[in-house]
Amino acid sequence: MTPAAAARRLLGWTGVALALGFAVRTALLGQVDDRGRLLALLAAAVLALVAWVERDAVEDAARSPSARARATATMLTLAAGVVAVLAHAVVREVDDTVDLGRRAHHTLGSHTLGVLDGLDAPVRVTAFFPRTSPLRPGVASLLQRYAERSDRVEVHLVDPLAAPLEARRLGATSEAGELVLTSGDRLERVLGRFDEDAVTDALVRLVSPEDHVICWSIGHEEADPDDTRSPGGAGSLVTALEGLDAQVLRADLAQPLDPACEALVLAGPRIDLLPAERTRLLGWVAGGGRALVLLEPGLASGLASDLAAMGVRVGEEVVLDGDPRHSPLGAEDPSLLVVPPGDLGDHPITRGLRGAVLASVARPVDVRPTPGADATVLLRAGPSSWAERDPLGDAPAPDGDEARGGMPLGVAVEVVGAAELLLPEGPSPAPAAATLLADTLAAVGLPPDLPVDRPLTSLGLPDAAVQGLTEVLRLRSGVPLVPRARGTLADLRDALEEGLARRAADVVPPEPTAPRDGGRLVVLGDAGLIGNGSISLGSNQDLLLNALAWLVGAEDQLGERADDLGDDLLLTAQGRSLIALIALGLLPGLALAGAVWSWRTRAA
Amino acid sequence: MSRVLAVAARDLRVQLRTPAGWLALAAIQALAGLFWLMLVDGYVERRADLVFDPYAAARTTLADHLVAPYLGNVAVLLLVLGPAVTMGALAEERRTGRSELLLTSPLRPAELVAGKALASLGWVALVLAGTAVLPLALGAWAPVDLGALAGGYLGLGLLGAVVVGVGLLCSAVTDRQVVALLLAYVVLMALWVVGWLDRDPTSLPSQLSLSAHLRDLLRGAVRRSDLSYLLLLTGWTLFATWQRVRTWRHA
């Protein structure tokens, strides 16, 4: 080929490349921008020049069948390429992802989808990551899913080294990468963690008009909202709530509630509420307030029975299940319960949950048909569960009169006719110390006719019984009682009377509330769900966050948050050797056997 | 259709009756096995190291941190060894003059190309089936995410189809096997690494890149645009090969 011919050919291919570049760019961008126009102009000019320079060849080609065939093939191939690029551009416009993985964590969780679908203002997400950052592809891919889901989300990936002015304008200074979300004049940052939870939480903080205020009841030995370490503390949930920009305030039911409270949380009170406090709580819900109540078996009996007025029946039993499919330890510890997603109720709180809820030592909480209250069971234990009255007995098993089968463990109530609710007129009088003492003696299995004026130690009662009596009395009354060596039942009764009077004096009588529809109440029969030790199990945290989101009316935040527990791979030395044998011996060996077979076949 | 199958069966038979084909398969299996073993050891160590980092541990899953990297390695093996299978498919036919014989027979160019592609895909399927044994066998020790694995193998199958398409096109444009092999390597490697220029998934380099379109697929996330890219690229290369073979009649 002469140099002139080579130059002509090079010019021809340059024209084709420019035209292709224009087609690809336009298809991918979905518009013709300035650079696209320049490409098109250059392509047209170069191709026109080639046609002019090669006019003789073109004329010959028109006569030669082989050249005509080649030209046709080239044109058809180019046309097919353009069609393919256009078809791909169309598919990109309606792009979607199906996640075949078990955890589906390469697609957005239902919580994020709810938040994105609820966006009513445009959000710009600027991701500042250097081009060399190993985090950049993952973050870009994650943000792309947000942009694909919602037209209101606009994503910009910026290299802060290449665009320092943009980084300075938005105050991005982290060298490890940073996300800046802006909407109007509001701005949120994501630093350190760049997963779906972190991005969605920032989005929620950005678009929430104001913080939700959640009031956390204290004073009855509830789960401690500041404790992030012990298994019974509720600090982990509170941290998650604060990550969603909710304010968690302390509340005392003995005092009028802060009108700013959007939801009240009563997280497993060990000490029963005083009648006035219970009246305040019920009045709060009947007056349009929202409350989440978690109750442990055997505790807060007064509140448990009062909730019947709101359409919730709270049993005093413990729900047990010996079926290993619904209780991880089966008959060994039937109080551990697994509620798979299929056994969760059809309610906004539970609808988006994909994982199981794991409860431990729960009491039954069922719907009690009540005019004015629309109640729904949220979760049920397995079909072989039952409500055990004597969980501490040897080998508990369902007795004839104990309820069994799919025991309900939680209820959500919406007040639809507040005026129809049959709430008590005012707080019932506090039980007298003597009555409380007699009831408690019976409850702990001691004879009610014990002499009151003899030291307890002289009655031949075991120490454990005396301590149990004092502790149960303390939980029922909220009065701290210290057993004394020479103390009598009369001393206990007097101390109780004095303590009850002091406690009652601290309570501000509940103010009368006008009935108003729209109150919401969620009651769960296991306070342990909220503890740091259980919150990360299965969908427990999502259940509670959903319950609170439903209570404060943030329905767009309901759903399953992205979560994962990772996969362990526990290999014994034998297992590892077996894997090595399959990987390096068996499979290559089979292929080698094939080689020998083919060699012998050919030789034969 | 029967003529397509006849061409495919003949080519596959030739490949399977050649010790070189089996040796290549053994080499792939041995390399894949070695990668697998290293990844398994790495995963076990990594999980042990993460005992005190529950956040990172929660995000370390078999599907993402063992199976997906392994499938990534298998993808590279396909890129390296695939063109070796297709290099002679058309170039050799042309060099030996068998192509003229074939094209003067009732066999149409499209049928010839489809048969050759089917035979090469059969070989790819054999390779993939062999490599799938390892993650499946892991199920004896840990919960293997079969959905993610299926998504990953869908991606590898489509990558295999692209490799076959590009390999056949390169084999059709020259009558020298070595040139076809090198050409296919250049094209496939360019398509593989172009995404490294800009890792933003919406950028033009990423949109053109094979590796960018495979990344989510290998983790079980099947994106419509990834499927479209791989299918359209395969379709276009086979179409171009067909057009190229059609011109042989007039050569």
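**Where chains A and B meet**

Biologist: Which residue in E1(B) is the bridge partner of A:Thr97?
Modeller: This is a predicted model, so keep that in mind. Strand E1 of chain A covers residues 97-99 and pairs with E1(B). In E1(B), the bridge partner of A:Thr97 is B:Arg223.

Biologist: In what sense do those two strands pair, and over how many bridges?
Modeller: The partners are E1(A), residues 97-99, and E1(B). They run in the antiparallel sense, and the count of bridges is three.

Biologist: And the wider contact: which element gives the largest share of chain B's side?
Modeller: Chain B puts 64 residues into the contact, and chain A puts in 56. On the chain B side, the elements giving two or more residues include H2 (19-49), H7 (146-172) and H11 (224-248). With 15 residues, the largest share comes from H2(B).

Biologist: How does that side of chain B split by class?
Modeller: Take the side of chain B that touches chain A. Its residues are 35 nonpolar, 17 polar and 12 charged.

Biologist: Within chain B, how are H4 and H6 oriented, roughly parallel or roughly antiparallel?
Modeller: H4 (residues 62-96) and H6 (residues 109-137) of chain B pack with axes 10 Å apart, at an angle of about 155°. The cut-off is over 145 degrees, so H4(B) counts relative to H6(B) as roughly antiparallel.

Biologist: What's the handedness of that crossing, and which classes of residue make the contact?
Modeller: H4(B) passes H6(B) in a right-handed crossing. Among the contact residues are B:Tyr70 and B:Gly82 of H4(B), and B:Lys116 and B:Trp123 of H6(B). By class, they come to 11 nonpolar, four polar and one charged.

How values were computed:
Residues are numbered from 1 along each chain as its sequence is written. Chains are lettered from A and ligands numbered from 1 in the order in which they are written. This is a predicted model: local features need pLDDT of at least 70, side-chain atom pairs count only at pLDDT 80 or more; totals for chains, interfaces and linings use all residues. Axes are lines fitted to C-alpha atoms, for helices over the stretch in contact, and angles run from 0 to 180 degrees between N-to-C directions. Helices (H or I, at least four residues) and strands (E, at least two) are DSSP runs, numbered from the N terminus. Angles under 35 degrees count as roughly parallel, over 145 as roughly antiparallel, 65 to 115 as roughly perpendicular and the rest as oblique. A crossing is left-handed if the near helix is turned anticlockwise from the far one by less than a right angle, and right-handed if clockwise. Two residues are in contact if their C-beta atoms, placed from the backbone, lie within 7 Å. Ala, Val, Leu, Ile, Met, Phe, Trp, Tyr, Cys and Pro count as nonpolar, Asp, Glu, Lys and Arg as charged, and the others, Gly among them, as polar. Two strands pair if DSSP finds at least two bridges between them.
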